[in-house]
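This report describes the interactions in a single protein chain, from its overall make-up to individual side-chain pairs. The sequence and the structure are shown first.

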Amino acid sequence: MSKSYSSVDTGAKPVAGTLFKFGAVRRCTDSSGGHFHFISVGNPDDGKDVRTRRQARSHAVRQALEKKRKRQQDSMNHFYVSSSANYAKRLTSQTENIMTDVTLYCPPSVGSLDPFHTLAVDSSRLQALLRNKKARQAAEPVFSNAEELAYHSFQAVFQSGLDDPALLNAVMLTFRVAVTGGVIDQECLGYQNQAMGFIRQRMSSLDRATSAPTMGAILLLADLNSSVITGSRRVVSHTTFSELQWQRDPFPDKFFRLPPGFQVRSYLFTNEFINVLEDVYALQCIRERAGFSGGDVLSMAYINNHQASIQSRLVGLGDVSLVMECCYLAAYLCSSMLCCTVWCALVIPSHVSSQLLRKLQQASDDPIWDDNPDLLLWLLYIGGSFAPEGIVLSDYVTLLQLRQDLLGDLHRSWPELLSTLKQFIWSDDAFMPQHRIGMPSLTRLRATDDRVPTPLMKDYYGQRATVPGTLIITEGTLVSPSAAGGFANSPGIWSQEQIAAWKTITDEVHARGSFIFCQLFAMGRAADAEVAKREGIDIVAPSAIPIHCGFPIPRPMTAQEIEQIVRDFAKASENAISAGFDGVECHAANGYLLDQFMQDTSNRRDDEYGGTVENRSRLTNDVMEAMVAAVGPERVGLRLSPWSTFQGMRMQDPIPQFTHIILRARQISLTYIHLVESRISGSEDSDGADQLDFAYRLWNGPLLVAGGYTPADAQTLVDEEYPDKNIVVMFGRHFISNPDLVYRIQNGLGLSAYNRNTFYINQSPSGYSDYPFSTEYLQSRKAALSAV
């Protein structure tokens with residue numbers, strides 16, 4: 001809760017990257033045993049002995065794969081088989097421990113999925129395609145059975161460069177389709193024909209048919225999604241492999257049911273499509289109610305089969321009306337994105353979105369919409385959510401605008417719109433814009449003298465929630481009157497008046513599609529003598545050690561006072577949830593009370609709260625556990641600053657102490673930890689060079705990281721240094737002067753400079769809610785509003 005937690009250097013050019021990609025990652029699986037049944041590639045121009053060729057191909061591939069599986073089994077290097085019954089039990093049990101409302105799930109970076117820098121290719125055309133950003137984003141994840149459900153580069157999987165003509169042409173097709181935005185031009189058809197020709201030539205030879213490059217070409221070119229893009233005949237379907245055939249598990253009925261928006265018009269749909277919609281809704285339940293952590297390999301394998309079955313059945317549905325085709329395409333999009341948010345940057349979502357747009361345009365005057373405006377609204381938002389930037393997205397907005405006479409009352413506000421969308425299939429986690437940028441706690445001193453939040457604070461937080469999906473941590477909020485004694489006009493959360501005022505702020509943030517946690521803290525020896533005297537509060541601490549020479553000497557807390565502060569944190573947590581917060585952050589950083597107890601620079605006690613690592617951790621552990629008992633672990637985060645020297649802190653070797661705290665946080669399943677880099681000390685920059693590596697190694701869940709990051713530094717952190725960690729980078733001081741900071745970074749815009757002199761002007765709008773939005777943001781907002 002220091003006066004400014006984190007910042008980025010001014011003048012740095014913002015860049016966009018995987019700071020704007022969130023969500024779980026699609027995983028692919030094989031299984032052992034059973035028989036494979038391949039479907040013929042199918043050459044429309046070649047009718048010679050089709051059955052014989054089909055049987056030969058099937059036999060060749062089956063024998064090769066069986067031999068390969070046998071080698072894997074012998075070496076214990078193979079995939080596991082997930083039974084549906086076990087999966088159902090695991091998933092049902094997981095519903096007790098979920099992270100609700102806040103989306104902190106981050107995929108591997110594009111850098112870890114993008115194999116291009118490893119490809120040894122001389123093709124000038126390939127090099128030209130790779131210079132196009134859209135092509136670079138089109139790299140389908142590549143999997144290998146060398147490790148369980150692990151992603152690898154093309155070379156690592158196929159043991160070949162792109163000198164193989166079949167694989168090269170399949171990859172070139174993928175890139176070219178990305179560059180054209182899903183339009184199949186003559187160049188695309190050339191790559192498709194070349195790849196299919198080379199594949200056909202190899203089917204007569206066992207070794208060549210089952211070579212890694214050939215299998216790679218088939219996977220890239222002729223699977224289900226390639227069929228959706230190119231219109232080519234499918235090579236495989238959900239019935240091709242017995243191991244991948246999927247059936248519903250004995251989940252509770254609520255998993256497989258028709259959402260209300262479809263129920264009221266079920267007469268429009270075939271029984272086959274109703275079954276598909278029920279299965280898509282089950283995917284949504286899995287995504288949201290099981291937390292979709294992706295940590296269970298067996299569960300992910302079964303979910304993949306679930307998704308593949310849905311999509312294969314959708315593609316196989318017969319010719320229907322334009323309206324039903326729109327529904328089919330929307331269901332296909334939902335099934336993809338509920339499982340695989342990283343696909344937002346790939347080819348399939350944008351292509352299907354474009355297809356859906358064309359169908360909606362053709363059906364725009366269909367009288368069926370007069371009785372089903374909410375269905376039309378859902379279709380427009382599903383398609384628009386994954387539309388490529390440019391003309392496709394613009395055309396969705398145009399369609400929305402053209403039907404305002406029909407749709408206007410359904411989306412007058414964001415909450416009303418969400419209420420409509422959730423009558424069908426809609427997941428905030430999967431469908432809403434997500435990014436890895438957050439706003440940390442920043443002391444601003446704009447509450448009333450009674451520590452009640454103000455309308456000015458509502459404006460301030462609402463402004464910084466303008467980009468949906470932004471996570472905001474409030475300024476440090478005092479848990480009780482006895483925890484105060486400093487920071488005049490900082491807010492509290494112990495009275496009904498305070499709770500009601502905070503509710504207006506959380507409502508504002510949620511109305512903008514963002515999330516907000518309340519940071520809870522107590523001052524301890526960091527209290528101000530004048531404020532403490534005015535409020536009639538003793539300045540207390542673990543020991544009678546002042547922050548610095550000349551500062552007030554605090555009174556050591558009694559055991560009864562320590563027990564009471566634990567209760568205060570628990571009650572404040574309950575109050576925060578009553579005020580509408582998505583969660584609470586336990587502030588054990590920057591030299592405030594909990595940090596004072598953890599570090600031997602301020603704690604010289606010889607009772608159960610001092611003297612050893614375990615004893616110094618006791619108060620923070622007790623507070624965390626009390627907060628968890630009050631509101632649940634999925635709503636509690638923890639902030640730590642192991643290396644900070646702010647307010648007289650920094651023990652000689654903090655690693656053992658903070659290791660003990662982090663391990664306890666992990667044991668009780670806190671939703672995240674929030675770490676402060678050594679280069680920040682309170683509100684000031686520092687020369688600290690100590691690293692947080694030890695904490696990264698200890699914590700496997702979502703990480704919030706603050707500390708002087710530029711946008712470029714932040715992208716390096718998530719893309720290169722820790723690509724496998726779920727990191728949200730917290731920008732502090734620049735969020736003060738750039739209310740649209742996320743939009744600016746996303747669009748490569750310059751950042752407005754902040755003014756330190758206005759950081760702490762009590763109750764003043766100056767330097768608080770008067771910083772301007774970028775012209776570009778205002779223009780984009782105007783365009784969006786014009787559609788409404």
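## Aromatic pairs

Tyr 592 counts as buried, since its relative accessibility is 0%. The model in which this residue is described is a predicted one. The ring of Tyr 592 pairs with that of Phe 487: the centres lie 6.3 Å apart and the planes meet at 55°, so the pair is tilted. This ring pair joins distant parts of the chain, 105 residues apart. Phe 487 belongs to the loop between β5 (477-478) and α24 (496-511), whereas Tyr 592 belongs to the loop between β9 (583-587) and α27 (593-598). Phe 487 is also buried, with a relative accessible area of 14%.

Over the whole structure, the search gives 20 aromatic pairs. Ring pairs also link a cluster that consists of Phe 262, Phe 269, Phe 273, Tyr 328, Trp 378 and Phe 424.

## The chain as a whole

The protein chain contains 34 helices and 15 strands. Of its 788 residues, 59% are buried. Among contacts in the chain with a separation of 6 or more, 77% are between residues 24 or more positions apart.

## Salt bridges

Side chains of opposite charge can pair when their charged atoms come close. In this model, 14 salt bridges are found across the whole structure. Three of the pairs are listed below with the distance from N to O.

| Salt bridge | N to O distance | Relative accessible area |
|---|---|---|
| Lys 359 and Glu 325 | 3.2 Å | Lys 359 23%, Glu 325 27% |
| Arg 650 and Asp 690 | 3.2 Å | Arg 650 26%, Asp 690 28% |
| Arg 744 and Asp 740 | 2.7 Å | Arg 744 6%, Asp 740 0% |

The side chains of Lys 359 and Glu 325 form a salt bridge that links distant parts of the chain, 34 residues apart. Lys 359 is in helix α16 (residues 347-362) and Glu 325 in helix α15 (residues 322-339). Lys 359 is partly exposed, and Glu 325 is partly exposed as well.

Arg 650 and Asp 690 also meet in a salt bridge. Arg 650 lies in the loop between β10 (636-640) and α29 (655-667), and Asp 690 in the loop between β13 (684-685) and α30 (693-698), so the pair ties together parts that are 40 residues apart in sequence. Arg 650 is partly exposed, and so is Asp 690.

In the salt bridge of Arg 744 with Asp 740, Arg 744 counts as buried and Asp 740 is buried too. Beyond these pairs, a network of salt bridges links Asp 538, Arg 555 and Glu 561.

## The crossing of α26 and α28

Helix α26 (residues 559-578) and helix α28 (residues 613-631) have axes that come within 8 Å and cross at roughly 35°. The crossing of α26 past α28 is right-handed. On the α26 side, the contact is made by Ile 562, Ile 565, Val 566, Phe 569, Ala 570, Ser 573, Glu 574 and Ile 577. On the α28 side, the contributing residues are Leu 619, Asp 622, Val 623, Ala 626, Met 627, Ala 630 and Val 631. Classed by type, this contact has 12 nonpolar, 1 polar and 2 charged residues.

Methods: Residues numbered from 1 in each chain as written. Predicted model: local features only at pLDDT ≥ 70, side-chain atom pairs only at ≥ 80, totals over all residues. Heavy atoms only, no water. Salt bridge = Lys/Arg side-chain N within 4 Å of Asp/Glu carboxyl O. Helix = DSSP H or I, 4+ residues; strand = E, 2+ residues; numbered from the N terminus. Buried < 20%, exposed > 50% of the residue type's maximum accessible area, 1.4 Å probe, protein only. Axes fitted to C-alpha atoms, helices over the stretch in contact; angles between N-to-C directions. Left-handed = near helix turned anticlockwise from the far one by under 90°. Contact = heavy atoms within 4.5 Å. Nonpolar A, V, L, I, M, F, W, Y, C, P; charged D, E, K, R; others polar. Phe/Tyr/Trp six-rings, centres within 6.5 Å; stacked < 30°, edge-to-face > 60°.
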